[in-house]
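Me: Please choose one part of this structure and take me through it closely, and then place it within the chain as a whole. I would like each term explained where it comes in.

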Amino acid sequence: MTAAMPRRASGGTPRRKAEYQPPTTMLVSPRFEALATQFFHMFRRTRDGGGALAVYLHGEPVLDVWAGWASPIRKWDSDTVTLSFSTGKGVASTVLHRLAQRGLIDYDKPVAEYWPEFGEAGKESITVRELLSHRAGLHRIRGLVSGRHALLDHDRVTAALAAAVPDPRRTKMPGYHAVTYGTLIAELTERATGKSFTELVRTEVAEPLGIPEFWFQVPESEKSRIAKVFPHINPFGVPWGVTSLTLSLVPHLKDIADAGMPEGFDMLVRDPTIHDYVMPGWNGVFSARALARMYAAFANDGVVDGIQFLEPETLEQLGEVQTRARDYVLGIRMNWRLGYHAALVAARTQHSGAFGHYGMGGSGAFADPETGLSLAFVTNRLGNALTPFADLRLPSLGAKAESIAHHM
């Protein structure tokens, strides 16, 4: 099979960029010193990897720190970025919301109105709102296309999804589209605008916020900044293919394998060529400060640094819980919004208004409109040999930050 050529960003007239200068030294507001200390303790040895943490409060930065190692021979610094997996779903969703607030996409119209081929196999009535809240029944990626490099072929994957029969459970409960979500959103936004998704990320998110580090297709000049991810993501040290097949035969775990364990995915995530392609469900590369800046607008009436990034009407829509039913893939209640889940889903204390998106290994970001807080954490350390898919670091940091904000 010949892989599809990378989608290149097309030209266009740049919009006015926000006046934003990233710090060259760390920023620690005295009120957040305890949070910074907790963060620094996480990266004391080379094998701990590295990471960055950024916090905004009421639209202003109050914390921007980094620590640890980007690779065994390179320390994490101010310019380091890293693969953040499903964190990118929140960014992809934000692109769509920026289009929706200009009337280019309607949440309650069928996806097929923008993407006619999507209407095949009984999907003609599935709405944009249902797609954003993981109720399209298209969670399955395992076996959708053959071979790990086929996942790089956007046109092949979207054609397969357009032809797929949706899972019938979708009418009763959501099912996390672990890999397929970003591809579906990218194709929908491209069809609605006639522009490449790479261009849309740039013009709808990066340029309005004045910070470039929102990449699904990383510019060649920036690839040296990407941290090396580790360790291997084979659960319990068992080969990926064996684990995927085994889980697919267990009734209560089958959906996890189908949604998130396609053939050769363990090798693909370590292949540097993934940064030449657009796969917004999992291959986003970000800095913590970029993510925190985006979510700062969510937590501050749509405004960050005086820029009206999102309109109040848009915020009201995207922050509203669409379904409280148990997710049939993840087995828990994610309280899906329009492209985001409840913040701190693994924490004992839930603040119902906080939402965002996390990724495998612990990277992620969220906003809490109640306190005006936004927080983002990125790391290249994916967990350990026993728990490659579960990491409590961001929820732990987030709970600490929310506690600080609630008492201010």
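Reply: Two strands are said to pair if DSSP finds at least two bridges between them, and the elements themselves are DSSP runs numbered from the N terminus, helices being H or I runs of at least four residues and strands E runs of at least two. This is a predicted model, in which local features need a pLDDT of at least 70 and side-chain atom pairs count only at pLDDT 80 or more, while totals for chains, interfaces and linings use all residues. Residues are numbered from 1 along each chain as its sequence is written, and side-chain values use heavy atoms, with hydrogens and water left out.

The part to look at is strand S2, which is followed by strand S3 (60-71), with His58 in the loop between the two. S2 and S3 run antiparallel and are joined by eight bridges, with Trp66 in S3 as the bridge partner of Ala52. S2 is also joined to strand S13 (residues 373-379), again in the antiparallel sense, here by seven bridges, and in that pairing Ala54 stands opposite Ala376. In general, strands of a sheet pair through backbone hydrogen bonds, either parallel or antiparallel.

S2 is mostly covered, since eight of its eight residues are buried; buried means under 20% relative accessible area, exposed over 50%, and partly exposed in between, with a 1.4 Å probe and protein chains only. Gly50, Ala52, Ala54 and Tyr56 point one way from the strand, whereas Gly51, Leu53, Val55 and Leu57 point the other way, and the residues of both sets are buried. At the end of S2 comes the hairpin with S3, which has two residues between the strands, and there His58 takes a positive phi near 55°, although His58 is not a glycine.

Phe85 makes a useful companion to His58. Phe85, likewise a residue other than glycine, has a positive phi near 55°, and is found in the loop between strand S5 (82-83) and helix H2 (87-100). Phe85 is buried, with a relative accessible area of 2%. S5 belongs to an open, antiparallel sheet of three strands in the order S5-S7-S6, in which S5 and strand S6 (214-215) are the edge strands, each pairing on one side only. Two bridges link S5 to strand S7 (residues 285-286), and Leu83 stands opposite Val285 in S7.

For the whole chain, the secondary structure comes to 12 helices and 13 strands, and buried residues make up 60% of the 408 residues. Among contacts (heavy atoms within 4.5 Å) between residues at least 6 apart in sequence, 71% join residues at least 24 apart.

As for confidence, pLDDT is the predictor's confidence in each residue, on a scale from 0 to 100; the chain averages 88, and 88% of the residues score at least 70. Over residues 1-17 the pLDDT is below 50, and this stretch has 37 contacts in the model beyond near neighbours in sequence. Residues 385-390 also have a pLDDT below 50, with 15 contacts of that kind. Where pLDDT is low, the predicted coordinates should not be read in detail.
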